[in-house]
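Please open the structure in your viewer, and keep the selection tool at hand as you read. Each stop on this tour suggests something to select and then describes what is there.

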Amino acid sequence: MRLDYLTIFPDYLAPLRLSLPGKAIESGLLEMHVHDLRAWAHDKHRTVDDTPYGGGAGMVMKPEPFGEAFDELAIDGATVVVTTPSGEPMTQALARELSSRERLVFLLGRYEGIDQRVLDHAATRAEVREISLGDYVLNGGEVAAMAITEAVVRLLPGFMGNAESLVEESHEDGLLEYPGYTKPSSWRDLEVPKVLLSGDHKRIAQWRHEQAVERTSLRRPDLLHASQAAGLGEGSEWEIVPAVRADAAELHTLQLACWVQELNANPGIEIPPLHESLDDTLRALETHDVYVVRAAGRLVGSVRGRLDGDVWEIGRLMSAPDLQGRGLGRRLFEHIQAVAPAGARSFRLFTGARSERNLKLYKKAGFRLRRDLEAPTGAVILTKNRGSRR
Ligand code: JD8
């Protein structure tokens with residue numbers, strides 16, 4: 001692969017030579033050329049920028065130096081990568097795609113950016129990819145180019161010592177990394193999880209997967225869904241079934257994901273069950289009638305009920321954050337009312353005092369807010385007589 005960089009700060013890219021093992025360059029696997037754009041600015045001050053047409057703050061980079069560089073570097077047929085905050089997000093999938101290219105030519109802007117005609121002209125001669133490193137503003141394109149270069153080059157066949165390790169990486173399987181540990185097994189009163197010392201590779205793999213799912217659902221629920229969204233049909237395909245013990249881990253993760261979402265939406269609210277353990281979730285399967293919904297093999301929704309005297313107590317109505325607004329919550333709510341045992345003469349439910357979404361659903365279903373009944377911290381109680389509209 002050949003890499004060319006057009007920048008007014010060539011020294012900024014020097015670290016690339018450090019991170020990309022020389023042997024890859026010696027072995028011809030990789031060819032890197034950093035060019036000072038001012039080499040193609042011929043006035044006394046080698047000017048590469050000018051004031052923006054239409055006015056406004058800052059300066060825009062002039063097209064001519066880029067045009068001359070394109071001609072001299074013969075960019076035709078290459079892939080031109082323009083790093084810009086308005087580009088497509090850089091992802092592992094994009095890194096894999098770019099690693100299949102023969103040649104990448106990076107246009108690294110400064111000031112307010114590059115004259116748009118440079119990109120329009122390049123697009124007549126090469127594939128042009130405008131790529132953003134992330135939703136924050138940098139002062140120029142160099143840092144992004146270095147990150148993209150490392151993400152791409154390390155995927156080149158024969159580049160990484162053991163290609164095996166590439167498979168297990170974050171974002172490779174759509175999940176974040178599971179936590180890693182090494183010797184000593186005890187450090188400053190912190191222990192390595194016992195399962196990792198067990199030698200039971202099946203249990204270790206299960207534990208690592210659960211950790212990866214939990215981390216992903218807590219930190220990056222968007223990733224979880226992308227990988228499993230494909231098979232998620234509309235309401236009609238959701239089959240609500242009684243939960244089984246094997247659902248516990250995912251049910252526990254779904255609850256955590258929903259509570260974290262609630263916390264993010266209402267900072268400072270109290271969610272006492274947030275720290276429930278997996279065992280608590282397993283115990284609830286004994287004490288409640290718990291129902292779950294799976295889509296594309298993923299547990300995406302749940303609700304539970306318990307008879308307290310002649311009151312059917314409904315709780316833990318959960319739909320995966322990415323699926324909210326598709327009617328899954330309403331389907332689960334209708335279901336848990338429909339399966340209430342004969343002895344239930346009324347319904348009672350708890351919900352977060354600031355859970356606007358749930359409160360709207362319940363009131364629409366005829367439940368009444370009961371400020372006269374004492375609710376757990378941060379929650380409110382709603383009730384409804386069975387068979388009544390109100
Ligand atoms: C290229 C000029 C600075 C940006 C006015 C600040 C990428 N994820 C990213 N954030 N920022 C960049 C980026 C910023 C750049 C240039 C990339 C060229 N600037 C400009 C617009 C607002 N100044 C980036 N990739």
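Begin by selecting Arg 294, which has a relative accessible area of 31% and is therefore partly exposed. Please keep in mind throughout that the model is predicted.

**A salt bridge between a helix and a strand**

Now add Glu 250 to the selection, and you will find that its side chain meets that of Arg 294 in a salt bridge, with 2.7 Å from N to O. Because Glu 250 belongs to helix α10 (residues 248–265) and Arg 294 to strand β11 (residues 289–295), the pair ties together parts that are 44 residues apart in sequence. Glu 250 counts as partly exposed, since its relative accessibility is 29%.

Both of these residues fall in a stretch worth colouring on its own, namely residues 238–387, which an unreviewed UniProt entry annotates as "domain: N-acetyltransferase". Over residues 238–387 the chain is 32% helix and 31% strand, and the C-alpha atoms at the two ends are 25 Å apart.

**A second bridge, then a network**

Select Arg 306 and Glu 313 next, whose side chains also meet in a salt bridge, again with 2.7 Å from N to O. Is Glu 313 buried or exposed? Its relative accessible area is 10%, so Glu 313 is buried, whereas Arg 306, at 34%, is partly exposed.

From here, move to Glu 88, Glu 97, Arg 101, Glu 127 and Arg 129, which are joined into one network by salt bridges that share partners. Within this group, look at Glu 88 and Arg 129, which form a salt bridge whose closest N and O atoms are 2.8 Å apart. Glu 88 lies in strand β5 (residues 79–89) and Arg 129 in strand β7, so this pair ties together parts that are 41 residues apart in sequence. Glu 88 is partly exposed, with a relative accessible area of 31%, while Arg 129 counts as buried at 13% relative accessibility. If you wish to hunt for others, a search of the whole structure finds 25 salt bridges.

**The loop after β7**

Stay with β7 (127–132) and follow the chain into the loop between β7 and α6 (142–153), where you will find Leu 133. An unreviewed UniProt entry lists Leu 133 under "binding site", together with Gly 109, Gly 134, Asp 135, Tyr 136, Val 137 and Leu 138. Which residues does Leu 133 touch, leaving aside its neighbours within four places in sequence? They are Met 90, Leu 138, Val 143, Ala 144 and Ala 147.

It is helpful to compare how open three residues of this loop are. Leu 133 counts as partly exposed at 27% relative accessibility, and Leu 138, which is also in the loop between β7 and α6, is partly exposed at 35%. Val 137 is found in that loop too, but with a relative accessible area of 71% Val 137 is exposed.

Now show the surface and select Phe 9, Tyr 12, Tyr 136, Leu 138 and Val 143, which form a nonpolar patch with about 430 Å² of accessible area together.

**Helix α3 and its neighbours**

Hide the surface and select helix α3 (residues 63–73), whose buried residues are Pro 65, Phe 66, Gly 67, Ala 69, Phe 70 and Leu 73. These buried residues pack against β1, β2 (31–36), β4 (60–61), β6 and α5 (116–122). Just after α3, select Ala 74, which takes a positive phi of about 45 degrees.

**Aromatic rings**

For the last stop, display the aromatic side chains, among which the count comes to 6 aromatic pairs. Tyr 5 and Phe 106 make a stacked pair, because their ring centres are 4.8 Å apart and their planes stand at 10 degrees. Tyr 5 is in strand β1 (residues 2–7) and Phe 106 in strand β6 (residues 103–108), so the pair ties together parts that are 101 residues apart in sequence. Both Tyr 5 and Phe 106 are buried.

Tyr 181 and Trp 207, by contrast, form a tilted pair, with 6.5 Å from centre to centre and 50 degrees between the planes. Finish by selecting Phe 333, Phe 347, Tyr 362 and Phe 367, which ring pairs link into a cluster.

Conventions:
Residues are numbered from 1 along each chain as its sequence is written. This is a predicted model: local features need pLDDT of at least 70, side-chain atom pairs count only at pLDDT 80 or more; totals for chains, interfaces and linings use all residues. Side-chain values use heavy atoms; hydrogens and water are left out. UniProt positions are given in the numbering used here, feature names are shortened, and annotations may be inferred rather than shown by experiment. Helices (H or I, at least four residues) and strands (E, at least two) are DSSP runs, numbered from the N terminus. Buried means under 20% relative accessible area, exposed over 50%, partly exposed in between (1.4 Å probe, protein chains only). Contact means heavy atoms within 4.5 Å. Patches are made of residues with over 30% relative accessible area and no salt bridge: like charges are joined within 9 Å, nonpolar side chains (Val, Leu, Ile, Met, Phe, Trp, Tyr) within 5 Å. Accessible areas come from the Shrake-Rupley method with a 1.4 Å probe; for residues, only the protein chains shown count as cover. A salt bridge is a side-chain nitrogen of Lys or Arg within 4 Å of a carboxyl oxygen of Asp or Glu. Rings of Phe, Tyr and Trp (its six-membered ring) pair if their centres lie within 6.5 Å; planes under 30 degrees apart count as stacked, over 60 as edge-to-face and the rest as tilted.
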